[in-house]
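Me: I should like to learn how to read the salt bridges, cores and hairpins of a model such as this one. Where should we begin?

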Amino acid sequence: MVLRKLVVEHGSSSLELDYDTDDGLEVLKFQLFSLTSIPPDQQKILRDKDNCAVLDDSDIESISTKLRLISIDENEEATELINSATNLTSDEELARLLQEEEDAQQQVVPRIQPYVHQVFMYEDPLRQEEARKTFPLDIIEEKAMVALAREGNLKPSKDELDHAFLLQLLFWFKRTFRWVNAPSCRICNNKTINQGMGIPEPLESRYGASRVELYRCTSCMSITRFPRYNDPLKLLETKEGRCGEWANCFTLYCRAFGYESRLVLDFTDHVWTECFSRSLERWIHLDPCEGIYDNPLLYEAGWKKNLNYVIAVSKDGVYDVTKRYTRKWHEVLSRRHLTSEITMATVISGMTKDIRKSFTPDMLLGLEERDRNESLELERCLSSKDVASISLPGRQSGDKQWRLSRSEFGSDDHHSLSSSCCPVRKCVDEHVTNIYNAFYPIVNEFVEQDFKKTEALEVMGTLKSVLVGLKNSPFKTRKTRVSAVTGGVLFRKMLPSFGQLFEALSLKRELHADGTVEICISSDPVKTSLALPVLFNALDGLIKDINSSHGLNKDSLSLPTVKINRLSSGFVQASGEELPFGKATSAFDGTRLSKWEEPTGAKGCWITYKVPNERLELVAYEFMSANDAPERDPMDWILEGSEDGGSTWKIIDEQTLQRFNNRFERKKFEIKRQTFQANAFRFRFLAVQDAKSNSRFQIGSIDLYKRQV
């Protein structure tokens with residue numbers, strides 16, 4: 001270690017600092033950044049005695065103790081750099097540098113400038129209002145709040161809620177917008193074949209369609225036009241296109257709901273969005289075509305793209321964000337041939353200054369602070385380690401041949417974002433157990449009152465109809481009324497038995513003077529939103545069990561008709577999971593809307609459930625098949641229990657050659673072995689229905705039942 005005292009001249013300031021030469025030049029640049037606010041990638045360090053640049057491979061220990069710092073990001077200082085002849089040996093070299101900057105203006109600016117004009121369309125109040133009109137705000141807001149509640153966050157901050165809303169906006173857009181490989185025939189809806197380009201018509205040009213693709217129908221031979229609209233106002237109507245249209249329209253939606261947003265241009269031909277997350281305090285990557293967020297290495301690691309320039313454009317400026325999207329910076333540098341890094345930085349800085357020329361001093365101070373923070377973050381990105389357990393997919397948007405032709409297909413083994421090492425998560429599922437338990441007094445009343453099967457089915461059918469009406473009302477003020485006519489005598493007779501169920505749903509009932517009964521929210525509406533999908537799944541199962549029974553009796557007060565003593569609030573971990581919709585905890589959320597999916601589990605996978613602060617005896621468990629792909633269903637498995645939290649395991653149950661005949665089919669398995677009290681349980685799934693044609697495992701739900709004490 002060699003400790004040096006350095007004096008660095010910057011403008012009219014003289015900076016003194018202590019520097020350990022073992023740290024290297026990058027650390028020195030960060031020290032200077034903290035003193036001058038000049039980002040490391042915009043610094044030029046010169047030896048004071050001869051104006052020679054201190055290069056990355058310089059012998060740090062031998063450099064002069066007196067240095068000079070200039071910024072390559074400012075036009076005036078760039079001129080000073082040239083005039084000081086730091087690396088110039090002749091007038092020819094000076095001319096070459098000036099020509100390089102002129103060439104960059106001709107090659108770089110024309111590629112970026114259209115996007116500068118584009119992003120200012122998003123600031124148009126009319127376009128923003130039209131975007132909000134096409135958006136199901138109440139539904140997406142509910143989804144965002146429920147997503148947080150599933151993670152145990154019932155009282156999110158505004159920043160947390162805004163972040164969750166942004167993700168639900170992304171997922172909604174992915175489901176709503178349509179990718180176009182070749183448009184269907186506008187006459188007969190059959191397939192079409194590309195016939196080249198056409199001349200834009202006036203109405204097409206009005207909405208920025210400078211290019212129009214022509215397609216001939218393979219059946220009726222008519223021509224279908226596919227204008228490549230650039231005006232997001234038109235895209236709100238058509239809801240179709242390729243990556244340019246997707247990112248264009250999605251970024252408008254982001255701005256319409258107040259998110260600070262950027263349109264991101266990849267010079268190797270892709271476009272996506274970045275938004276600033278106040279919850280994370282940084283910019284996050286959002287690709288609407290893929291429905292993937294905050295995974296900037298998707299393109300380099302998943303698609304196998306050879307990136308060069310990734311430029312973000314917003315109403316506040318132009319930014320080179322390439323470093324966020326690579327861990328192979330030196331390889332990327334070798335492909336950045338348009339101009340030198342100094343000239344590129346100067347050109348981008350000039351475009352940003354032009355955008356900000358009318359900004360107030362306070363606005364500029366805030367933006368400059370954020371720019372400095374982002375520059376630091378981008379430098380950290382280059383040295384951060386990849387998450388080895390996360391598998392990034394190849395491109396999914398576009399047909400296979402088109403993706404292959406662009407070398408963006410990635411691997412056949414990875415079609416989605418997945419993790420091979422999911423973290424331990426707590427199940428937020430107490431409401432599931434409460435709903436299951438709440439059906440006991442209802443079925444018990446059927447038995448006590450000697451209800452016929454048809455009468456019980458009538459009551460359950462009416463209950464479902466009433467709660468469907470409640471579900472379809474605005475989620476923050478959910479309510480519905482039941483009259484004597486719509487409810488029926490039997491239903492009104494059973495109303496007192498529904499008290500525990502209504503409580504589990506965070507509902508209450510109120511009797512009005514006209515004899516109608518109003519059912520409405522009693523507390524937090526998000527609790528009701530979280531519970532209703534569980535209710536409908538359980539209610540459908542109960543109706544099916546009653547319908548298939550020979551009648552209601554004391555045997556009806558146990559599994560499978562009544563599901564009491566279900567385990568809840570355990571801690572779950574699995575061998576792998578699909579992100580974000582196939583997490584391991586989805587197996588315990590009690591709904592048909594989700595599932596646990598293990599991307600490589602066809603030939604073996606596992607999931608554990610640990611019980612906090614308790615030992616108990618398992619008497620039964622239930623599986624429900626998932627929504628699709630029966631080849632992924634479990635066929636062979638072993639259930640094990642542990643008395644020591646998972647250090648050692650004993651077999652509780654084994655099953656082979658099991659088969660689900662239908663989607664969402666439930667199967668109950670009673671424990672017939674000699675059991676014991678355990679505080680952890682593990683399913684080892686050994687085989688799926690078809691492991692030859694499929695690498696995945698999935699299951700809709702898992703319910704564990706303990707012995708009643």
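Reply: We begin with burial: a residue counts as buried under 20% relative accessible area, as exposed over 50%, and as partly exposed in between. Please keep in mind that this is a predicted model.

Me: Is D231 buried or exposed?

Reply: D231 has 6% relative accessibility and is therefore buried. Its side chain meets that of R127 in a salt bridge, with 2.9 Å from N to O. D231 lies in the loop between β8 and α9, whereas R127 belongs to helix α5, so the pair ties together parts that are 104 residues apart in sequence. R127 is buried as well, at 16% relative accessibility.

Me: How many salt bridges are there?

Reply: The count comes to 61. One of them joins R370 and E260, whose closest N and O atoms are 2.5 Å apart. R370 is in helix α14 and E260 in the loop between α10 and β10, so this pair ties together parts 110 residues apart in sequence. Burial is to be read for each partner: R370 is buried at 17%, while E260 is partly exposed at 21%.

Me: Which residues are linked in a network of salt bridges?

Reply: The network links D429, K563, R566, E622, R666 and D703.

Me: How should one read a nonpolar core, and which residues have the most contacts inside the largest one?

Reply: The general idea is a set of buried nonpolar residues joined through side-chain atoms within 4.5 Å. Here the largest core has 57 residues, and I112, Y253, I311 and V318 have the most contacts inside it. Leaving aside neighbours within four places in sequence, V318 is in contact with residues including I112, V116, I311 and I355. A second, separate core has 44 residues, among them V443, F451, L467 and L505.

Me: What does the side chain of T251 approach?

Reply: T251 is located in helix α10, residues 243–256. A polar atom of the T251 side chain lies 2.6 Å from the backbone oxygen of A247. T251 is buried, at 1% relative accessibility. Beyond residues up to four places away in sequence, T251 touches Y122, S261, R262, L263 and T273.

Me: In which sense do β7 and β8 pair?

Reply: Strands β7 (residues 212–217) and β8 (residues 223–227) pair in the antiparallel sense, over 5 bridges. Within this pairing, R216 of the hairpin stands opposite I223 in β8. The hairpin has 5 residues between the strands, and M221 takes a positive phi near 70°.

Key: Residues numbered from 1 in each chain as written. Predicted model: local features only at pLDDT ≥ 70, side-chain atom pairs only at ≥ 80, totals over all residues. Heavy atoms only, no water. Buried < 20%, exposed > 50% of the residue type's maximum accessible area, 1.4 Å probe, protein only. Contact = heavy atoms within 4.5 Å. Pairing = 2+ DSSP bridges. Helix = DSSP H or I, 4+ residues; strand = E, 2+ residues; numbered from the N terminus. Polar contact = N/O pair within 3.5 Å; in protein donor to acceptor, adjacent residues only side chain to side chain. Salt bridge = Lys/Arg side-chain N within 4 Å of Asp/Glu carboxyl O.
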